[in-house]
Amino acid sequence: MNDRIPVRAIETLDHRPLRLTPAQAGGPIHTRRFRGRFRNLRLLGAGSLMALFFGTAWLNWEGRQAVLWDLAERKFHIFGATFWPQDFILLSALLIICAFGLFAVTVFAGRVWCGYACPQSVWTWLFMWAERITEGDRGQRLKLDAAPWSFQKLGRRTARHALWLAISLVTAVTFVGYFTPIHALIADLARLQLDGSTAFWVLFFTAATYLNAGWLREKVCRDMCPYSRFQSVMFDRDTLTIAYDAARGEPRGARRKDSDARAQGLGDCIDCTLCVQVCPTGIDIRDGLQLECIGCAACIDACDEVMDKLGYARGLVRYGSERELAGGRTRWLRPRLLGYVAALAVMIGAFAWALADRPLVSLDVTRDRGLFREKRRRSDRERLQPEDHQQIAAPPALPTRLARSRRPGAAGARRTRAGRGRNPRSGRQRRPAQ
Ligand code: SF4
Ligand code: SF4
């Protein structure tokens, strides 16, 4: 009997040397500077959101901070309107609408929220900018990392961290300024006279911003954010994602600018790795769609620049759907997306109606427990305790129904004016309330 195991030599498909991406190497990710239309779009979006965040806290409206969540008074002012704790149902509805909106956008265009508008990404880009102006571009930062400690390295590192801390402090003060009047907060901060709880929250949010945007960065997106975990289940074959066109790019390889790549059996990718060097999460988009990809489109801009220089068509890395990359046509209108949009429209309509129909005065009536004993002892008299919740700053006239119920003899007066008239059950004269 032949006890030799049969073996067969097989060809490996890829003879390229193994090259670790920055994410796989595990060190800090230093991104390269780049330009492009998606970068401009992101700057516009992130700039507008930052202007909104840093600017709104300073707006005044009718003699009061325009947007203020007054925790001590349990009121939320937003421009002319005031919301009370019992309006929290509206806040919950608003959050559900935002979540649904995010789902609809994700079905349509993948992680655009992450790449263009998520505070984690926006602040990370801001911190990267701080890094670049204090320590230089990618090559200089890599050299600085490898260099031994010197006065120059210490100075640059100190400048980087000082700028990070300054941005974090401004962010924290602005955020806390939405919960306590910001003018008073700044004045107290300048005199170093913040009260204990305010000082705690300012320090807490300063530390959170510094750690998240300075140190944790892509780890938050990759390991901590729940949205990055479940967003892929919302994708379908027509969802737009950042994709590398392997059919066009492979086989990749370097070539002379004026050479005929097709004659050399090469695709359009020159393997310059610029798309990897600009990636804030340190991955290689040519390995396919990955959990770490936040959809920022930096790799598209970098690759388009390379294609322009070579005189090739743009779009080797582009927004594309799985169906389109397989040679088909993206279906824009599809049941899942339409379902999300329809549900969103209904929810927005219901929310607008609930907001417009919100009562400005509500009356909660509860039994007075102590007087319940009195009722058993003396008569069947009931006293109900009104509890008004004025929901606007200047109380309006009471509604007619409520005002009438407080007139003796009017319908409902039996409850609010205890002690007048006869008890309808016993026929005895009521005694005045004591
Ligand atoms: S792969 Fe491209 S889109 Fe994804 S995170 Fe990296 S640079 Fe951004
Ligand atoms: S930037 Fe474009 S050409 Fe360069 S490696 Fe990436 S995909 Fe290839």
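**Exercise 1. Take stock of the chain: how many helices and strands does the secondary structure come to?**

Solution. The count is 19 helices and nine strands, taken as DSSP runs numbered from the N terminus (helices are H or I with at least four residues, strands are E with at least two). Keep in mind that this is a predicted model, where local features need pLDDT of at least 70 and side-chain atom pairs count only at pLDDT 80 or more, while totals for chains, interfaces and linings use all residues. For bookkeeping, residues are numbered from 1 along each chain as its sequence is written, and chains are lettered from A and ligands numbered from 1 in the order in which they are written.

Next, burial: 20% of the 434 residues count as buried (20 or more other C-beta atoms within 10 Å of the residue's own; 12 or fewer is exposed, in between is partly exposed; C-beta atoms are placed from the backbone).

**Exercise 2. Which residues come nearest to ligand 1, and which to ligand 2?**

Solution. Start with ligand 1. There are 14 residues around it, and Cys279, Cys293, Cys296, Ala298 and Cys299 come nearest (near means a C-beta atom, placed from the backbone, within 6 Å). Sort that shell by class and you get twelve nonpolar, two polar and no charged residues. Here Ala, Val, Leu, Ile, Met, Phe, Trp, Tyr, Cys and Pro count as nonpolar, Asp, Glu, Lys and Arg as charged, and the others, Gly among them, as polar.

Now ligand 2. Of its 15 surrounding residues, Cys269, Cys272, Leu274, Cys275 and Cys303 come nearest. This shell splits into eleven nonpolar, two polar and two charged. Both α13 (274–277) and α14 (298–310) supply at least two residues, with α14 giving the most, three.

**Exercise 3. Place Glu250: is it buried, exposed or partly exposed?**

Solution. First locate Glu250: it sits in the loop between α12 (246–249) and α13. Then count: Glu250 is partly exposed because 15 other C-beta atoms lie within 10 Å. Finally, look beyond its neighbours within four places in sequence: Glu250 is in contact with Gly267 and Cys269 (C-beta atoms, placed from the backbone, within 7 Å). The C-alpha atoms of Glu250 and Gly267 are 4.6 Å apart, although 17 residues separate the two along the chain. Cys269 turns up again among the residues that come nearest to ligand 2.

**Exercise 4. What share of the span 198–216 is helix?**

Solution. That span is 100% helix and 0% strand, with its end C-alpha atoms 25 Å apart. Residues 41–61 are 76% helix and 10% strand, with ends 31 Å apart.

Note on methods
Two residues are in contact if their C-beta atoms, placed from the backbone, lie within 7 Å.
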